[in-house]
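Hi everyone, thanks for making time this morning. Let me put the structure up on the screen, and then I'll talk you through it.

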Amino acid sequence: MLFLGRFLYRNLKGYRFLLAIAILVTITQVGSDLVAAFPPKFIPSTITDPGNDPTCTFPFLNGVLKYFDTPVLDPSLRPLQANQPPLQPPPGSCPATLADPNSVLHPIVSQHSVIGVIVFSLIVLVVFGLLSALLVYFELYLANHIAQRLSAQLRRDLFDYLQRLSLDWHDKQKKGDLVQRITGNIADIEKLVTDGLVDLLAGILTLVGIAVAMFVISKEYTWLSLAVAPLLLLIGSSYTISI
């Protein structure tokens, strides 16, 4: 793996800036996927318990959600008389957690419209879903661009190297093996750069991001769900070695 990393770094000279952009795009795309995963949690939680809105988990959203507490979205907030200010949503207590005794004694009170939370969640889901799709297209475009240029350069360098070798050396080699190295093996490297590296980086970032998000929501369930990870790693490693 280390040899492969050095090989790619040496041969990607001139494309390292594009590679850095592709890595940044992948990080942003994974972040967008993680953000888009929260609205499906916010909506049912808020409907079943109006006090359990996104500010219970992310207090910084309080300043954003207040703009959705409007009679335009929620008719129940319309004032009784035309000259009165809009009504406020009824307050609700955030769910207490056993891990935090203070939340049981002094629960956090949220006060946001259920319909406003639903509209906010749908907007977040659509915006970050579209952003993720756009970034996936961009990262695949960059990966294909880099991989095609790399494979063309490797084929050119390898062909030039073979031409410099003596005829006596060529007489001792299998012609099919040389053709396979020029065509098939370099195509494998191109596929690795196009799909493998992008998928590997996105997979690692997604796993880490989901673990962090789960840890913020519930530490106990996070440790429980990740307890199987070492076993999966051991099984995957054993199959890799056998293959």
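I'll go through a pocket, a surface patch and a few single residues. Please keep in mind that this is a predicted model.

Let's start with the pocket. It is the second largest pocket, and its volume comes out at about 420 Å³. How many residues line the second largest pocket? There are 18 of them, and Leu8, Leu19, Ile23, Leu197 and Val198 lie nearest the centre.

Where does that lining come from? Four helices each supply at least two residues: H1 (2-11), H2 (16-36), H6 (114-164) and H8 (175-217). Which of them gives the most to the lining? That's H8, with six residues.

For those of you thinking about chemistry, the lining breaks down into 16 nonpolar residues, two polar ones and no charged ones.

While we're on H8, let me point out two residues in that helix. One is Gly196, which sits in H8. Gly196 counts as partly exposed, because its relative accessibility is 29%, between the cut-offs of 20% and 50%. Measuring along the model from C-alpha to C-alpha, Gly196 is 17 Å from Ser237, and the two are 41 residues apart in sequence.

The other one is Asp199, also found in H8. Is Asp199 buried or exposed? With a relative accessible area of 54%, Asp199 is over the 50% cut-off, so it counts as exposed. Asp199 and Thr26 are 173 residues apart along the chain, yet their C-alpha atoms are separated by 9.3 Å.

Now over to the surface patch. Val228, Leu231, Leu232, Leu234, Ile235, Tyr239 and Ile243 make a nonpolar patch of about 790 Å². If you'd like one residue to click on, try Leu234, which is in helix H10, residues 229-242. Leu234 is exposed, because its relative accessible area of 57% is over 50%.

Last stop: a loop. Asn52 is found between helix H3 (39-48) and helix H4 (62-65). Is this loop residue, Asn52, buried or exposed? Asn52 counts as buried, because its 18% relative accessibility is under the 20% cut-off. From Asn52 to Phe38 there are 14 residues along the chain, and the C-alpha atoms are separated by 13 Å.

To recap the pocket for anyone who came in late: about 420 Å³ in volume, with H8 as the helix that gives the most to the lining. Thanks, all, and I'm happy to take questions.

Note on methods
Residues are numbered from 1 along each chain as its sequence is written. This is a predicted model: local features need pLDDT of at least 70, side-chain atom pairs count only at pLDDT 80 or more; totals for chains, interfaces and linings use all residues. Side-chain values use heavy atoms; hydrogens and water are left out. Patches are made of residues with over 30% relative accessible area and no salt bridge: like charges are joined within 9 Å, nonpolar side chains (Val, Leu, Ile, Met, Phe, Trp, Tyr) within 5 Å. Accessible areas come from the Shrake-Rupley method with a 1.4 Å probe; for residues, only the protein chains shown count as cover. A salt bridge is a side-chain nitrogen of Lys or Arg within 4 Å of a carboxyl oxygen of Asp or Glu. Buried means under 20% relative accessible area, exposed over 50%, partly exposed in between (1.4 Å probe, protein chains only). On a 1 Å grid over the protein atoms alone, a cavity is a set of points where a 1.4 Å probe fits but cannot get out, and a pocket is an open set with protein on both sides within 12 Å along at least five of seven lines; lining residues have an atom within 4 Å of a point. Grid points are joined across faces, edges and corners, and a volume is the space filled by probe spheres set on the points. Ala, Val, Leu, Ile, Met, Phe, Trp, Tyr, Cys and Pro count as nonpolar, Asp, Glu, Lys and Arg as charged, and the others, Gly among them, as polar.
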